Amino acid sequence: ICCGDFQAVRDHVDLSCLACPPKYRDMVTFHEFFSGARVAKVPMVFIGGNHEASNHLLELHHGGWVAPNLYSLGTAGVVQFGGLRIGGLSGIFKSFDYNKGHYERVPYDDRTIKTAYHLRSTDVVQMSLLAPGGLDVMLSHDWPAGIALQGDTAALLRKKSFLADEIRTDTLGSPPARDLLVHLKPRFWFSAHMHVKFAAVVDHGGDRLTKFLALDKLVP
């Protein structure tokens, strides 16, 4: 699995739609998998983050294959794979865009290249229609709000001390993702975005637990 910032860049048009400072834009290797020159050795399911070729993922709004063995869950989606039911929610939460819908279209300007990856209420509504307890695994890019208090918060702050104010004011993470966590009660929830490893356990009562893990950046 990949919890965002997959960067499915096929060509230089996609590269120009990658939301990051130009000096960090790099073709890297995805185009080799897209062309068929290389094939992923194991299947991967991924969601979008805040550093993506948003024009490419827009073509797969409801999910689909970006290359053999590489599958996007779209803005919000669920697949059955390997005996597991896996759900995902792409993008990051920004309150000022949450109720606007996905209006961005290519060519992006300096604003829409960023708003294109913002989470929308329509995505969350789709996921909220799933029955509680029906997911084995849930993916999101930013963390569910409040999750930082469900694990070793002190250890987290030793690594990322600048998060202290956001944790204290409950502004770290995504409130809609928190609502989905409470409603869906998946067995596992994986996130990324903050570039730090962090584990937590959410007790929903009864015998239902969600084990949360935030993934750090992949280091070669």
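Select strands β8 and β9 to begin: residues 198-203 form β8 and residues 209-214 form β9, and the two run antiparallel, joined by 6 bridges. The model is a predicted one. Within this pair, display aspartate 203 of β8 together with leucine 209, its bridge partner in β9. The hairpin has 5 residues between the strands, and glycine 205 adopts a positive phi near 95 degrees there.

Next, show the side chains of β8. In a regular strand, side chains alternate between the two faces of the sheet. Phe198, Ala200 and Val202 make up the covered face of β8, whereas Ala199, Val201 and Asp203 make up the uncovered one.

**Serine 54 and the largest cavity**

Move to helix α3, residues 54-58, and select serine 54. Is serine 54 buried or exposed? Its relative accessibility is 8%, so serine 54 counts as buried. Beyond the neighbours within four places in sequence, serine 54 is in contact with Cys17, Tyr108, Ala116 and Tyr117.

Keep Ala116 and Tyr117 selected and add Leu57, Leu58 and Thr75; of the 22 residues that line the largest cavity, these five lie nearest its centre. This cavity holds about 300 Å³ of space. Helix α3 supplies the largest share of the lining, 3 residues. By class, the lining comprises 7 nonpolar, 11 polar and 4 charged residues.

**Salt bridges around arginine 10**

Now select arginine 10 and glutamate 59, whose side chains meet in a salt bridge with an N to O distance of 3.1 Å. Arginine 10 lies in the segment before α1 (12-16) and glutamate 59 in the loop between α3 and β2 (64-67), so the pair ties together parts that are 49 residues apart in sequence. Arginine 10 is buried, at a relative accessible area of 18%, while glutamate 59 is exposed, at 52%. Add Asp14 to the selection: Arg10, Asp14 and Glu59 are linked in a network of salt bridges.

Two further pairs merit display. Glutamate 32 and arginine 38 form a salt bridge of 3.1 Å, N to O; glutamate 32 is partly exposed, with a relative accessible area of 25%, and arginine 38 is likewise partly exposed, with a relative accessibility of 39%. In the other pair, the closest N and O atoms of aspartate 165 and arginine 168 are 3.5 Å apart. These two residues are 3 residues apart in helix α7 (residues 164-168), and are therefore separated by about one helical turn. Arginine 168 counts as exposed, at 63% relative accessibility.

**The second largest cavity and pocket**

Select Glu166 and Leu172, which are among the residues that line the second largest cavity; Pro144, Gly146, Ile147, Ala148, Leu149, Ile167 and Asp170 also belong to that lining. The second largest cavity has a volume of about 60 Å³, and its lining divides into 6 nonpolar, 1 polar and 2 charged residues.

With Glu166 and Leu172 still selected, add Gly173, His193 and Met194; these five lie nearest the centre of the second largest pocket, which is lined by 14 residues. Its volume is about 220 Å³. The lining of this second largest pocket has 7 nonpolar, 4 polar and 3 charged residues.

**The largest pocket**

Finish at the largest pocket, which contains about 1,200 Å³ of space. Which residues should be selected as the closest to its centre? They are Cys2, Gly4, Asp5, Phe6 and Leu218, out of 32 residues that line the largest pocket. That lining consists of 18 nonpolar, 7 polar and 7 charged residues.

Conventions: Residues are numbered from 1 along each chain as its sequence is written. This is a predicted model: local features need pLDDT of at least 70, side-chain atom pairs count only at pLDDT 80 or more; totals for chains, interfaces and linings use all residues. Side-chain values use heavy atoms; hydrogens and water are left out. Helices (H or I, at least four residues) and strands (E, at least two) are DSSP runs, numbered from the N terminus. Buried means under 20% relative accessible area, exposed over 50%, partly exposed in between (1.4 Å probe, protein chains only). Contact means heavy atoms within 4.5 Å. Two strands pair if DSSP finds at least two bridges between them. On a 1 Å grid over the protein atoms alone, a cavity is a set of points where a 1.4 Å probe fits but cannot get out, and a pocket is an open set with protein on both sides within 12 Å along at least five of seven lines; lining residues have an atom within 4 Å of a point. Grid points are joined across faces, edges and corners, and a volume is the space filled by probe spheres set on the points. Ala, Val, Leu, Ile, Met, Phe, Trp, Tyr, Cys and Pro count as nonpolar, Asp, Glu, Lys and Arg as charged, and the others, Gly among them, as polar. A salt bridge is a side-chain nitrogen of Lys or Arg within 4 Å of a carboxyl oxygen of Asp or Glu.
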